[in-house]
Each structure stands twice: as structure tokens, then as C-alpha cells.
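Biologist: I'm new to this one. Could you take me on a close look at the nonpolar core and tell me how it sits in the rest of the protein?

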Amino acid sequence: MMPRSLSPVERDALREVANIGAGHAATALSQMTGGRIMISVPEISLLQLEQLAQVVGPLDTPVAAVLMRVMGDFTGTTVLVFRQESAHALCSLLLRRPASPSEAGFDPMEQSTVKETGNILCSAYLNALSDFLGMMLLPSVPELLVDSAVRALTPDHLRAGSSDNPVFCVETAFWIEGSEHAHTAQFLLLPDPAALDVIFDAIHIAS
């Protein structure tokens with residue numbers, strides 16, 4: 001089944017929400033690190049679950065994914081997906097120590113750091129969406145998945161219920177002050193089936 005496409009009005013509304021969320025996230029991370037973190041204007045798309053791993057990169061790309069359930073006026077799952085090298089770079093900055101090799105795993109301190117970063121970023125996007133839609137949205141405690149993209153982004157891991165459910169994907173690039181390279185991350189919102197119409201109806205009312 002082909003994914004539902006976004007109308008220009010829907011895309012503009014969601015991009016504005018994502019811009020606000022990205023701004024809040026950049027401010028929060030800058031305060032945590034004591035340095036400047038810049039986040040690009042996000043790209044918004046509506047995808048099927050089977051397409052997600054390809055958005056990250058090659059299917060065997062090592063990723064760190066932070067998952068949180070969404071409760072409140074609608075339910076679903078949020079996921080923040082980093083390439084492992086980007087997650088290690090953030091850990092290095094936040095923990096003020098040299099980055100681990102990109103192919104290395106994450107020690108307990110790094111795992112906690114990645115989860116807290118995911119919590120901050122997902123909460124920033126959720127708060128922006130909550131304000132725009134006029135809905136109460138509450139995230140659960142974050143969980144961390146470290147695996148290849150193709151294994152991490154599956155219906156079972158993401159608790160999507162069905163691979164036919166559409167996924168909102170917000171792709172952003174962020175720059176850490178003093179770094180020569182940009183890092184990318186994908187914020188994913190997987191609404192439960194009953195929540196999809198609620199979101200689109202609210203977008204049209206708010207727009």
C-alpha cells in the first residue's frame with residue numbers, strides 16, 4: 001500500500017512545528033554542553049515503516065535509536081535515530097572525553113547520555129506538536145536500541161503494530177561548535193492507527 005502523501009498545507013504546518021521543536025532542542029543541548037549546537041531546517045516526510053531503514057542509510061548502518069511511548073490525547077511511539085558515529089560524537093561532547101571508535105558499543109555512561117539526549121530532543125518535538133495541536137502529549141521513560149538500521153527499525157522493536165501504519169519522519173542535521181562535520185538524526189512519530197485522523201483533523205483546524 002502506498003503511503004498517504006502530505007498536502008502543501010499539512011507539510012507547511014508540520015515543518016513549522018518541526019522548526020519550533022528543533023529550536024527548543026538546539027537550545028536545550030547547547031545549555032547541556034556549554035557550547036553552541038545548530039540544527040538545520042528539517043525535512044518532513046510521511047513514510048511506511050519498511051522505508052525507514054533506507055532513510056538512515058545503507059541497511060547495515062549501525063544506529064542508536066531512542067524509543068518512547070506517547071500517551072495523552074493520542075497514543076503512539078516516538079523514535080530518535082542517530083548513526084552510531086553521531087551518537088558517539090554527542091557523548092564525547094556531553095561527557096567531555098574523547099569519542100569512542102564509531103564501531104564500538106556504548107558503555108553504561110554513554111547509554112545513559114544517549115537516552116537523555118533522545119529524551120530531550122523527542123520531548124522538544126512533542127512539546128511543539130502538543131502546543132500546535134492543543135493536545136496533551138506525554139512521553140514515557142526512554143529506551144535505547146543499538147543495532148543495524150534494518151534490525152532496529154522493525155515493527156516489533158518500534159511497537160508499530162502494523163507495517164502499514166504511516167510514519168512521520170523529521171530529518172535534521174546538526175552541527176557541534178568546533179566540529180567540521182554535520183551529523184544527522186531522524187525524529188520519527190509512529191501514531192497508533194486511531195491517532196492518525198486526530199492529528200490531521202487538528203492540523204487542518206489549527207492551520
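Modeller: Sure, let's go straight inside. The largest nonpolar core has 46 residues, and the ones touching the most other members are Phe-74, Phe-82 and Phe-168. Keep in mind that this is a predicted model. As for who supplies that core, helix α4, residues 108-133, gives the most, with nine residues.

Now zoom in on Phe-168. Setting aside neighbours within four places in sequence, Phe-168 is in contact with Leu-6, Leu-14, Ser-45 and Leu-46, and also with Phe-187, Leu-188, Leu-189, Pro-191, Leu-196, Ile-199 and Phe-200. Apart from the largest core there's another one, made of 18 residues, and Val-56, Val-79, Val-167 and Cys-169 are among them. As a general backdrop, nonpolar side chains tend to be buried together in soluble globular proteins.

Okay, step back to the whole protein. Its secondary structure comes to seven helices and eight strands, and 48% of the 207 residues count as buried. Among contacts with a separation of 6 or more, 70% are between residues 24 or more positions apart. The C-alpha trace spans about 50 × 30 × 30 Å along its principal axes. A compact globule with 207 residues would have a radius of gyration near 17 Å, so the protein's 16 Å agrees with that.

And on the outside? The protein exposes about 9600 Å², with carbon and sulfur atoms supplying 55% of it. Its charged side chains number 11 positive and 23 negative, and the centres of the two sets lie 4 Å apart.

Key. Residues numbered from 1 in each chain as written. Predicted model: local features only at pLDDT ≥ 70, side-chain atom pairs only at ≥ 80, totals over all residues. Heavy atoms only, no water. Helix = DSSP H or I, 4+ residues; strand = E, 2+ residues; numbered from the N terminus. Rg over C-alpha atoms; globule rule 2.2 N^0.38 Å. Buried < 20%, exposed > 50% of the residue type's maximum accessible area, 1.4 Å probe, protein only. Contact = heavy atoms within 4.5 Å. Areas by Shrake-Rupley, 256 points an atom, 1.4 Å probe, with all protein chains shown as cover. Lys, Arg positive; Asp, Glu negative; His and termini not counted. Charge placed at Lys NZ, Arg CZ, Asp CG, Glu CD. Core = buried A, V, L, I, M, F, W, Y, C linked by side-chain atoms within 4.5 Å.
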